[in-house]
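I opened a fresh page for this one and wrote down what I looked up, in the order I looked. Here are my notes, for anyone who likes to follow along.

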Amino acid sequence: MRLLVSSMKVDGSADGPDMQPLLKVENLVKRYAKRSLVGAREELLALHGVSFTISPGSTLAVVGESGSGKSTLASCLACLESPTAGNIWFEGKDIVTLGERARQQILPQIQLIFQDPASSLNPRWSVLEILIEPLILRRKFNREEMSQRASSLLERVGLSPDIVERAPNELSGGQRQRLDIARALAHEPKLLILDEPLSALDCSVQAQIANLLMELQSSLAMTYLFITHDLAMAAHLADEIAVMNRGRIVEQGPAEQILKQPRHETTRQLLAAVPRMVRALPALEQ
Ligand SMILES: Nc1ncnc2c1ncn2[C@@H]1O[C@H](COP(=O)(O)OP(=O)(O)OP(=O)(O)O)[C@@H](O)[C@H]1O
Ligand SMILES: [Mg+2]
């Protein structure tokens, strides 16, 4: 995860002419319509001109308090929501303005993992069906190749291929999150957006999944955008940290710098909210 940190500048841009960012977000704005208590129409600015870049193979953690716009950002990047304004360049192509067909070809390369896998795992499908669906969409494999791939995806995320007949609700929370990661991997994504993927898990399971994510990133050379409330987790996993407050990035830089020299009040508050930080870091490294 730290492979590319030395080539990243504080503003998130990359050094060198051939180091094209995998993702470049420019002035992203998302406005929601809402109703006030007295029923009047109001607008809520969930994203307020967000810009950053991520280099291939690196991890950017986005941290911020509840309601700061982190999930809205994730939804816009995965094209689940349309931004009100701004651009999202993925490998040099703006997925906001791209035609629908071209966008559909790019989208499998951007996978989103949520805190609660229930939203992405169909409860009526078996583990095998969940893993085979993305493979069917890729139209490259016959039936036997697909079930072999499903087994190797399960092994890759530390699950036994014996569970293929089970439904998601017959798995533990940690197993479900591993399955959701395997489902995402079936698309062979370049960018994994992880929206609080560890928050619903016990501490020891959190450490296992965090380690799995790090291992997968180094073996598959994926790029991560890791969303969390937890600055300690962000510092452990990320090369760079972006701190959000009310729809804006208020501070961004190398993880160590953000931890040691926080400049913005929001960052200081997030740091103060993590008194267990020093204890948590060695635990994660087990
Ligand atoms: N579909 C929607 N319609 C209207 N408002 C929304 C919608 N989705 C999010 N919002 C509002 O946008 C703001 C940002 O929400 P968002 O879910 O992005 O925050 P978050 O940083 O992910 O928070 P949390 O840490 O609690 O998950 C909030 O004020 C939220 O109420
Ligand atoms: Mg959220």
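**Around the ligand**

I began with the backbone contacts: an N or O atom of the Ser 68 main chain sits 3.2 Å from an oxygen atom of ligand 1. I kept in mind that this is a predicted model. Next door, Gly 69 also brings a backbone N or O atom to an oxygen atom of ligand 1, at 3.1 Å. From a side chain, I noted Tyr 32, with a polar atom 3.5 Å from a nitrogen atom of ligand 1.

I then asked how much of ligand 1 the protein covers. On its own the ligand has 640 Å² of accessible area, and the protein covers 61% of that.

Which elements give two or more residues to the shell around ligand 1? I found strand E2 (41-54) and helix H1 (70-77). H1 gives the most, with three residues.

I counted 13 residues around ligand 1, and the closest are Ser 66, Gly 67, Lys 70, Ser 71 and Thr 72. Sorted by class, the shell has seven polar, three nonpolar and three charged residues.

**The largest pocket**

My next stop was the largest pocket, which holds about 470 Å³ of space. Its lining is made of 15 residues, and those nearest the centre are Leu 107, Pro 108, Ile 110, Gln 111 and His 187.

Which elements each supply at least two residues of this lining? My list reads helix H2 (100-106), strand E6 (110-113) and helix H3 (127-138). E6 has the largest share, three residues. By class I wrote down eight nonpolar, five polar and two charged residues for the lining of the largest pocket.

**Two positive phi values**

Last, I looked at backbone angles. Most residues other than glycine have a negative phi, so I made a note of the exceptions I came across.

One of them is Glu 196, with phi near 50°. Glu 196 lies in the loop between strand E7 (191-195) and helix H6 (203-220). Is Glu 196 buried or exposed? Its relative accessibility is 8%, and buried means under 20%, so I entered Glu 196 as buried.

Ala 221 also has a positive phi, near 55°. I placed Ala 221 in the loop between H6 and strand E8 (223-228). Here the relative accessibility is 58%, and exposed means over 50%, so Ala 221 went into my notes as exposed.

Note on methods: Residues numbered from 1 in each chain as written. Chains lettered and ligands numbered in written order. Predicted model: local features only at pLDDT ≥ 70, side-chain atom pairs only at ≥ 80, totals over all residues. Heavy atoms only, no water. Near = heavy atom within 4 Å. Polar contact = N/O pair within 3.5 Å; in protein donor to acceptor, adjacent residues only side chain to side chain. Areas by Shrake-Rupley, 256 points an atom, 1.4 Å probe, with all protein chains shown as cover. Helix = DSSP H or I, 4+ residues; strand = E, 2+ residues; numbered from the N terminus. Nonpolar A, V, L, I, M, F, W, Y, C, P; charged D, E, K, R; others polar. 1 Å grid on protein atoms, 1.4 Å probe; cavity = no way out; pocket = protein on both sides within 12 Å on 5 of 7 lines; lining within 4 Å. Points joined across faces, edges and corners; volume = space filled by probe spheres on them. Buried < 20%, exposed > 50% of the residue type's maximum accessible area, 1.4 Å probe, protein only.
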